[in-house]
Amino acid sequence: KSQKTPPRERDGAGCIVLTGRTFDSVAMDPTKDVVVLFTSPVACPFCERMQGAWYAFVRLLANSGVECATMDGMVNECEEEMIRLPLMVLYPAVSANKKMKKRQIYGIQDPEPEDMLDFVMEHREANKSKPRTRDEV
């Protein structure tokens, strides 16, 4: 199942708005590290509270080369198993057939934008030979 493709590809923070139809073309792109926040703004009170930390994280991630995206997991389906929401997943820049195996799932309990940034920088594929910290972003 999938929502219709939104009229604007990006939201106000610059994140790509994914649907079931557009998930593969963005998240499975082998040339990009892509971090996706699966939420359900209507059905999940914690998802709503997560939005502030997510958008602060997106601002910290600017100019890092990592693509940010969001997807409403209640009305869209994709290859990712969404057993709980919110769910933040990093799909590293590896060949499409390895993306799901190499993906990294961030455990969201008390989301802190700086911790989210450290997680992504540690697990991204781009610049793997030179680890980056939040001070280098």
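Is phenylalanine 57 buried or exposed? Select it and see: with 0% relative accessibility, phenylalanine 57 counts as buried. Keep in mind as you go that this is a predicted model.

**Stop 1: the ring pair in H2**

Leave Phe57 selected and add tryptophan 54. Both residues sit in helix H2, three residues apart, or about one turn of the helix. Their rings form a tilted aromatic pair, 5.3 Å centre to centre with 45° between the planes. Tryptophan 54 is buried as well, its relative accessible area being 0%.

**Stop 2: the core around H2**

Now colour the largest nonpolar core, a set of 20 residues. Val35, Trp54, Phe57, Leu61, Met88, Met116 and Val120 have the most contacts inside it. Two or more residues each come from E2, H2, E3, E4 and H4, and H2 gives the largest share, six residues. Zoom in on valine 120: setting aside neighbours within four places in sequence, it is in contact with Val35, Phe57, Leu61, Val66, Met88 and Leu90.

There is a second, separate core of 15 residues, which includes Ile16, Phe23, Leu87 and Met100. Keep Phe23 in mind for a later stop.

**Stop 3: helix H4**

Select residues 113–123, which make up H4. Pro113, Met116, Leu117, Phe119, Val120, Met121 and His123 are the buried residues here. What do they pack against? Their partners are strands E2 (33–39), E3 (66–72), E4 (87–91) and E5 (104–106), along with helix H2 (45–61).

**Stop 4: the sheet**

Switch to cartoon view and follow the open sheet: five strands in the order E1-E3-E2-E4-E5, with mixed pairing. Strand E1 (16–18) and E5 are at the edges with a single partner strand each, so one side of each has no neighbour in the sheet. On average, neighbouring strands are turned by 25° against each other, direction ignored.

For a look at one edge, pick E4 and E5, which pair in the antiparallel sense over three bridges. Leucine 90 stands opposite glutamine 104 in E5. Then bring H2 back into view: it lies across E2, E3 and E4, and runs at about 165° to E2.

**Stop 5: more aromatic rings**

The model has four aromatic pairs by the ring-centre rule. In one of them, phenylalanine 23 and tyrosine 91 have ring centres 5.6 Å apart and planes at 80°, so this pair is edge-to-face. Phenylalanine 23 belongs to helix H1 (residues 23–27) and tyrosine 91 to strand E4, so the pair ties together parts 68 residues apart in sequence. Phenylalanine 23 is buried at 0% relative accessibility, and tyrosine 91 is buried with a relative accessible area of 0%. Add Phe38 to the selection, and you have the cluster that ring pairs build from Phe23, Phe38 and Tyr91.

**Last stop: asparagine 76**

Finish in the loop between E3 and E4, where asparagine 76 is found. Is this loop residue, asparagine 76, buried or exposed? It counts as buried, at 1% relative accessibility. Show its polar contacts: the side chain of asparagine 76 reaches the backbone nitrogen of glutamine 3 at 2.8 Å and the backbone oxygen of aspartate 72 at 3.0 Å. Not counting residues up to four places away in sequence, asparagine 76 touches Lys1, Ser2, Gln3, Leu18, Thr19, Gly20, Met71 and Met82.

Key
Residues numbered from 1 in each chain as written. Predicted model: local features only at pLDDT ≥ 70, side-chain atom pairs only at ≥ 80, totals over all residues. Heavy atoms only, no water. Buried < 20%, exposed > 50% of the residue type's maximum accessible area, 1.4 Å probe, protein only. Helix = DSSP H or I, 4+ residues; strand = E, 2+ residues; numbered from the N terminus. Contact = heavy atoms within 4.5 Å. Polar contact = N/O pair within 3.5 Å; in protein donor to acceptor, adjacent residues only side chain to side chain. Phe/Tyr/Trp six-rings, centres within 6.5 Å; stacked < 30°, edge-to-face > 60°. Core = buried A, V, L, I, M, F, W, Y, C linked by side-chain atoms within 4.5 Å. Pairing = 2+ DSSP bridges. Axes fitted to C-alpha atoms, helices over the stretch in contact; angles between N-to-C directions.
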